[in-house]
Amino acid sequence: MEDSRKSHKPHCLVLSFPVQGHINPMLQFSKRLIHKGAGVTFVTTRFMSKTLHGLSSNPSIPLESISDGFDDGGIKAASSPEAYLERFWKIGPETLSELVERLISSGRPPSCIVYNSFLPWALDVAQKYGLVGAVFFTMSCAVSSVFYHCQKGLLEVPVRKQVLLPGMPPLEPQDMPSYVSDPESYPAYLGMLVGQFSNLDKVDWVLCNAVYELEQELVDWFMKVMPFRTIGPTVPSSYLDNRLQQDREYGLSIFQPEHDTTMKWLSTKPKGSVVYVSFGSVAELKIDQMQELAMGLKRSNRYFLWVVRSSEEDKLPQDYAKETAQKGLIVTWCPQLEVLAHEALGLFLTHCGWNSTLEALTLGVPMMAIPQWTDQPTNAKHIMDVWKMGLRPPVDERGVVRSEDIENCIREIMEGERGKEMRENAGKWRKITKEAVSEGGSSDRNIEEFVASLIDKL
Ligand code: UDX
């Protein structure tokens, strides 16, 4: 085994949790590893791997799969999140071990497993075969810190009052990840998120899709307690160069983007005039929220591009698309990076998923934050109060943002003084995030150091 390892460049198995918001950043990170001289095999679950259009035909990133126990339906086929995770935790390590053994015997031995932090058992598999273990966090440092403190018993759950944690602004309960402020709603997920930190005393590297300069004080703190490195933003380099070009090469989407319709529509709109609305790949909005949002967009009288996944379409007011056709375009999925990079964009109304947040910071688009669950409230807090790149409108007693607040917020950001400040900040963050992943930047150096350490071990 040693001999065949010596003759190869380092070979990383990059193992992603089977969700779009995790696959995207881990795929982009894979490309950076390749750029720095490593080989990569991308791994996700069997069910998810069937939906990754295009990736399987790309020779530079071979695709392999393991089983979560639900090869025909993924998490939707499980009776509950608990049942899904229990089965995945049993079958995942077995099938990952089988994959490692198959790769070793076929002459492509891995030297490292870069595993999604949601799958901590992958570290045991790495260590069983003498491989380097690198955990990859797809959420912000702030969110990771909240779960770290829970795991260490330093943060009492549920959080009911203001919390002060190192390197962060004071967080109110509504700024906390939903699993911490409202643990009863998804107890299995709270366990999984806290479990991310259960075995980090044994890990070789902790890689985080974050940018040193965005969360500097907190990253410095993390680096004192674990081998922590920031490697983000995982936005394709073509967008960092401001070239309007879609990253289609690895088929990053599990949904089919309505590319031509969207871009053609955008190209007819004046500079800075369009509100882009998307709630990512997972969130399911309350019907009241969909209706208020629909009304708010209509009242604002602005152009809008709204991504409504097919499973959410029934929640729109009747005939809404037809009635608003002069001003709006509703699509089921779009090429988001290309949209955010378009000069017609004026505002991103977002659920504050971490990828969307990083993409908007990197492409300099002000945000209206309407977080739904998981890490999104904490990201919203940072967008508004730390990076000053957006506003978070209030919610009413139903937990819903009303149409008049949506309308006011659109106006404030697109016409008001605070919007002006955000557009000024946009230039600053765009420059900083771009520099982080450019040659010699903070993230670039960390990736280089990581790959160099793997090369040293060959
Ligand atoms: C999930 C969680 O919901 C989120 O809170 C967490 O931070 C990451 O995992 P998701 O809800 O899908 O992610 O949101 P986000 O992190 O923003 O990722 C969505 C990705 O899909 C982005 O990369 C975005 O560019 C892409 N996207 C979204 C499209 O390409 N087209 C669309 O129409 C919408």
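The following dialogue examines the domains, ligand surroundings, backbone geometry and salt bridges of a predicted model.

Biologist: What makes the chain a two-part object, and where do the parts run?

Modeller: The domain assignment divides the chain into domain 1, residues 2-243 + 438-456, and domain 2, residues 259-433. The centres of the two domains, taken over C-alpha atoms, are separated by 27 Å.

Biologist: How do you know that domain 1 and domain 2 are in contact, and how many residues does each give?

Modeller: Contact requires heavy atoms within 4.5 Å. By that criterion, 32 residues of domain 1 and 27 residues of domain 2 take part.

Biologist: What area do domain 1 and domain 2 bury between them, and which residues of domain 1 lose the most?

Modeller: The size of an interface is often given as the accessible area lost when the parts come together. Here the two domains bury about 2500 Å² between them, with 68% of that area on carbon and sulfur atoms. On the side of domain 1, Asp 175, Leu 214 and Tyr 239 lose the most area, together 25% of what that side buries.

Biologist: Why is the pair of Asp 175 and Arg 392 called a salt bridge?

Modeller: The rule asks for a side-chain nitrogen of Lys or Arg within 4 Å of a carboxyl oxygen of Asp or Glu. In the pair Asp 175 and Arg 392, the closest N and O atoms are 3.5 Å apart. That distance falls within the 4 Å limit, so the pair qualifies. Across the interface of domain 1 and domain 2, the rule finds 1 salt bridge. The interface also holds 6 residue pairs in polar contact.

Biologist: Which elements of domain 1 give two or more residues to the side that touches domain 2, and what is the character of that side?

Modeller: The elements are α2 (20-35), α6 (141-151), α7 (178-181) and α10 (237-240). Helix α2 provides the largest share, 3 residues. The residues of this side of domain 1 divide into 22 nonpolar, 7 polar and 3 charged.

Biologist: Which residues are closest to the ligand, and how many surround it?

Modeller: The ligand is surrounded by 21 residues, of which Ser 281, Cys 334, Ser 356, Glu 359 and Asp 375 are the closest.

Biologist: What makes Asn 24, Gln 336 and Glu 359 polar contacts of the ligand?

Modeller: The cut-off for a pair of N or O atoms is 3.5 Å. A polar side-chain atom of Glu 359 lies 2.7 Å from a ligand oxygen. For Asn 24, the distance from a side-chain N or O atom to a ligand oxygen is 2.9 Å, and for Gln 336 the corresponding distance is 3.3 Å. These three distances are within 3.5 Å, so each pair meets the criterion.

Biologist: Why are the peptide bonds before Pro 158 and Pro 233 called cis?

Modeller: Omega is about 0 degrees for the bond joining Val 157 and Pro 158, and near 5 degrees for the bond from Gly 232 to Pro 233. Pro 158 lies in the loop between α6 and α7, while Pro 233 is in the loop between β7 (228-230) and α10. Most peptide bonds are trans.

Biologist: What makes the phi values of Asn 301 and Thr 374 worth noting?

Modeller: Most residues other than glycine have a negative phi. Asn 301, however, has a positive phi near 60 degrees, and Thr 374 has a positive phi near 45 degrees. Asn 301 is in the loop between α12 (287-300) and β9 (303-307); Thr 374 is in the loop between β12 (367-369) and α16 (376-386).

Biologist: How do you know that Asp 444 and Lys 36 form a salt bridge, and what does the pair tie together?

Modeller: Their closest N and O atoms are 2.8 Å apart, which is within the 4 Å limit. Asp 444 lies in helix α19 and Lys 36 in the loop between α2 and β2 (39-45), so the pair ties together parts that are 408 residues apart in sequence. The count by this rule comes to 24 salt bridges.

Definitions and conventions
Residues are numbered from 1 along each chain as its sequence is written. This is a predicted model: local features need pLDDT of at least 70, side-chain atom pairs count only at pLDDT 80 or more; totals for chains, interfaces and linings use all residues. Side-chain values use heavy atoms; hydrogens and water are left out. Domain bounds come from an automatic or database domain assignment. Buried area is the accessible area (1.4 Å probe) that two parts lose on being put together, summed over both. A polar contact is a pair of N or O atoms within 3.5 Å; within protein, one must be able to donate a hydrogen and the other to accept it, and residues adjacent in sequence count only if both atoms are side-chain atoms. Helices (H or I, at least four residues) and strands (E, at least two) are DSSP runs, numbered from the N terminus. Ala, Val, Leu, Ile, Met, Phe, Trp, Tyr, Cys and Pro count as nonpolar, Asp, Glu, Lys and Arg as charged, and the others, Gly among them, as polar. A residue is near a molecule or strand if one of its heavy atoms lies within 4 Å of it.
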